[in-house]
Amino acid sequence: MDISLPSRAALKAQAKRLRSGLADTGQPISHAQALEAVAHQWGARDWNTLHAQARDAPQPQFTPSQRVTGLYLGHRFAGKVKAVNAKTAGFWSLTLVFDEPIDVVTSEYFSSFRRQVSCTVGSDGKTAEKTSDGQPHVVIDTHWSHPN
């Protein structure tokens, strides 16, 4: 199976999160140890090998629990990524959980609230599916490519 590597910056951020997470559990490691652990997770012999294989260009990256904001059916939202599946050609299958439910019905007679949605976004953070007025179902704000 061929999995494309994230950017070098994303790999370093992964090592930083690993180091922080282990420190929180009372198992501190050095930055170098965290980099080596990330390299092994990606199947590389060591950090230098992984660093050479990774690209400098930032790649869109989503991670579970990542905070995101944007528009869903024209309504502003803030929430978290619940699940992620990298697809081919720069597409991502996401499950988003909104902080506040969104009413997806425009009728004054009834409401239907969504708290969670699944979608597939491209490298621009937008879905290919559009509403009747041509707007993408989901638009994730431009800062989405920077995991928190």
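These are my notebook entries on a predicted model, taken feature by feature.

**Entry 1: the sheet**

I began with the strand order and found an open sheet of five strands, arranged β4-β3-β2-β1-β5 with antiparallel pairing. The edge positions belong to β4 (113–121) and β5 (138–140), and because each has a single partner strand, one side of each is left without a neighbour in the sheet. I also looked up the turn between neighbouring strands of this sheet, which is 40° on average when direction is ignored. At the β5 edge, I noted that β1 (residues 67–72) and β5 pair in the antiparallel sense over three bridges, and that Leu-71 stands opposite Val-139 in β5.

**Entry 2: the nonpolar cores**

Next I asked which residues have the most contacts inside the largest nonpolar core. They are Phe-62, Leu-94, Leu-96 and Val-121, in a core of 15 residues. I traced its members back to the strands and found that β1, β2 (75–86), β3 (92–103), β4 and β5 each supply at least two residues, while the largest share, five residues, comes from β3. Apart from this core lies another, of 11 residues, and among them I noted Leu-5, Leu-35, Trp-47 and Leu-50.

**Entry 3: aromatic pairs**

I counted three aromatic pairs in the model, and I followed up those that involve Phe-98. The rings of Tyr-72 and Phe-98 have their centres 5.4 Å apart and their planes at 40°, so I entered the pair as tilted. Since Tyr-72 lies in strand β1 and Phe-98 in strand β3, this pair ties together parts that are 26 residues apart in sequence. I then checked burial: Tyr-72 has a relative accessible area of 7% and is buried, and Phe-98, at 1%, counts as buried too.

For Phe-77 and Phe-98 the ring centres are 4.9 Å apart and the planes stand at 50°, so this pair is also tilted. Here Phe-77 belongs to strand β2 and Phe-98 to strand β3, so the parts tied together are 21 residues apart in sequence. Both Phe-77 and Phe-98 are buried. Putting these entries together, I recorded that ring pairs link Tyr-72, Phe-77 and Phe-98 into a cluster.

**Entry 4: helix α1**

I turned to helix α1 (residues 8–24), whose 17 residues reach 24 Å from the first C-alpha to the last, close to the 24 Å expected at 1.5 Å a residue. Where do the buried residues of α1 fall when the helix is seen down its axis? I first listed them as Arg-8, Ala-10, Leu-11 and Ala-15; they fall within an arc of 165°, so they line one face of the helix. On the other side of α1, I found Ala-9, Lys-16 and Asp-24 exposed.

**Entry 5: positive phi**

I closed with backbone angles, bearing in mind that most residues other than glycine have a negative phi. Ser-65, although not a glycine, has a positive phi of about 75°; I located Ser-65 in the loop between α3 (47–53) and β1, where it is exposed, with a relative accessible area of 52%. Leu-73, again not a glycine, has a positive phi of about 50°. I placed Leu-73 in the loop between β1 and β2, and its relative accessible area of 29% makes it partly exposed.

How values were computed:
Residues numbered from 1 in each chain as written. Predicted model: local features only at pLDDT ≥ 70, side-chain atom pairs only at ≥ 80, totals over all residues. Heavy atoms only, no water. Pairing = 2+ DSSP bridges. Helix = DSSP H or I, 4+ residues; strand = E, 2+ residues; numbered from the N terminus. Axes fitted to C-alpha atoms, helices over the stretch in contact; angles between N-to-C directions. Core = buried A, V, L, I, M, F, W, Y, C linked by side-chain atoms within 4.5 Å. Buried < 20%, exposed > 50% of the residue type's maximum accessible area, 1.4 Å probe, protein only. Phe/Tyr/Trp six-rings, centres within 6.5 Å; stacked < 30°, edge-to-face > 60°. Expected span 1.5 Å × (residues − 1). Arc of directions from axis to C-beta.
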